Structures are given as C-alpha cells and as structure tokens.
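Please brief me on how the interior of this protein is packed and where empty space is left in it.

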Amino acid sequence: MKYPSFKKIIYFLSVIFIILNINLLIKNKELRNNIKKYSILYNVIIISHDIFNSFSIDISTIEFLGTSFPKDTLEENSNSSNSKFLFVIFFTLKDCPACLEEASVWEKIHRKYKFIKVIGISHTDNMEELKLFKQEFKIDFPIIKKPDLFKQFKIRRSPLKFFIDPKGVILFIDGPHSIQEDQVKLIKLMEKLVQIYS
C-alpha cells in the first residue's frame, strides 16, 4: 500500500490551516460562517497552487468570494448570456500599465471561449481615450461605465478581474499580471473552475 509523501501531508495540512484561520484575513462574519464560500476558497487554493505554485487571489477583495454579483445591472449581459460564465474586468486606463499588457489576453478569452461572457467595466470619463484603447488592442467585447460597482466592490487596484459562474456566484478575483506566463496560467485556472462549476 502506497502512503502519501510527507510533503503532500504537510501541504494538505497547510491548506486546512489556511481555511480554518481565514478569519484572520477577513472580518466578514457571514463569509466565515458560509460553508459554500469555504468550498470555493478551498478549490481556488488547490487550483492556484497547482498552476501558480502560490496562493493567487486578491486578498483585499476576498470578502466578496462566494457572494452574488449583480449580473442584472450589466445592460450588456443579455438573456442569451445568462447561462454563461462571466469574466468581468474592472479597470482604469489612467496609470494602468498592466491594463495595456493584459488587454490582448482579455480579447483572447472573449474570442476563444464561447461559454464565457467578457465584460469590461471602466471608470474613465474620457470616452475618446477608451475608444482608442479598444481600437489599438482590437477589443470586441463590451466595455461599460459603472462607477457604482467600483464602490460596491471596493475596487482600489486596476485591473481587477472577477470570474463568475452562471448563477452569479463570484468564484475568483484576480489582480494585475504583468508577466505573460502568469496571464496564460490565469486562463488555465478559469478552465479548471469551469470544469468544477459547470
């Protein structure tokens, strides 16, 4: 009989330790008491470790993991896309070099994965700047302005990406990736989450 290696046991215990002590990272009482949210967090920890070899999630917004995203407030989210996963990108063009580096990846996700609806949410008032941004990176997915959502989800970094299941549950929140390899790994993580939550 083959027993698990010491390294695997330590890793498993570490994951359990993180989950049991996640209340040290967050103050949201509802999140601490919600088993469903712990389950999502556990899956993200496992998948992130396998792909990134680290815990890849934006800690500042972890309280929203497992909560509902207001899909109905996105006028671009038509009834035909209600059965799709959502990849929502919060971004500001001002002082955001990562937005320029990631834009082609966002468009790649939009074109390649028909079961994922990509929507950009911008904070900019300069519509001409936004138009030039879309032209330069050949962006075909919709970009809308929703400053109220920036406030609701306490968006302080740009870009910040939310991956949401067809029921509207936030599965993953990801910060900027300036390294191309990490951008590719993000797509792999999304593919894994689709397999689990489809």
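The points below cover the overall build, the nonpolar cores, one cavity and one loop residue.

This is a predicted model, in which local features need pLDDT of at least 70, side-chain atom pairs count only at pLDDT 80 or more, and totals for chains, interfaces and linings use all residues. Residues are numbered from 1 along each chain as its sequence is written, and side-chain values use heavy atoms, with hydrogens and water left out.

**Overall build**

- The protein has 7 helices and 5 strands, where helices (H or I, at least four residues) and strands (E, at least two) are DSSP runs numbered from the N terminus.
- Along the sequence these elements follow the pattern α-α-α-β-α-β-α-β-α-β-β-α.
- Of the 198 residues, 47% are buried, meaning under 20% relative accessible area with a 1.4 Å probe, protein chains only.
- About 11200 Å² is exposed, and carbon and sulfur atoms supply 55% of that area (Shrake-Rupley method, 1.4 Å probe).
- Among contacts (heavy atoms within 4.5 Å) with a separation of 6 or more, 71% join residues 24 or more positions apart.

**Nonpolar cores**

- A nonpolar core is a set of buried Ala, Val, Leu, Ile, Met, Phe, Trp, Tyr and Cys residues joined through side-chain atoms within 4.5 Å.
- The largest core has 30 residues, of which F87, F91, W106, I109, I116, F133 and F163 touch the most other members.
- At least two residues of this core come from each of β1 (85-91), α4 (97-112), β2 (116-122), α5 (127-136), β5 (170-174) and α7 (180-197), and α7 gives the most, with 6 residues.
- Leaving aside neighbours within four places in sequence, F163 is in contact with F85, L86, F87, I116, V169, I170, L171, F172, M190, L193 and V194.
- Apart from the largest core lies another of 18 residues, among them F153, I155, F162 and I170.

**Second largest cavity**

- The structure holds 2 cavities of 30 Å³ or more; a cavity is a set of points on a 1 Å grid over the protein atoms alone where a 1.4 Å probe fits but cannot get out.
- The second largest contains about 30 Å³ of space, a volume being the space filled by probe spheres set on the points.
- Its lining residues (an atom within 4 Å of a point) are I109, Y113, F115, I116, I187, M190, E191 and V194.
- By class, this lining has 7 nonpolar residues, no polar and 1 charged, and α7 gives the most to it, with 4 residues.

**V169**

- V169 is in the loop between β4 (160-164) and β5, and counts as buried because its relative accessibility is 5%.
- V169 and S68 are 101 residues apart in sequence, yet 4.6 Å apart in space, C-alpha to C-alpha.

Key
Buried < 20%, exposed > 50% of the residue type's maximum accessible area, 1.4 Å probe, protein only. 1 Å grid on protein atoms, 1.4 Å probe; cavity = no way out; pocket = protein on both sides within 12 Å on 5 of 7 lines; lining within 4 Å. Nonpolar A, V, L, I, M, F, W, Y, C, P; charged D, E, K, R; others polar.
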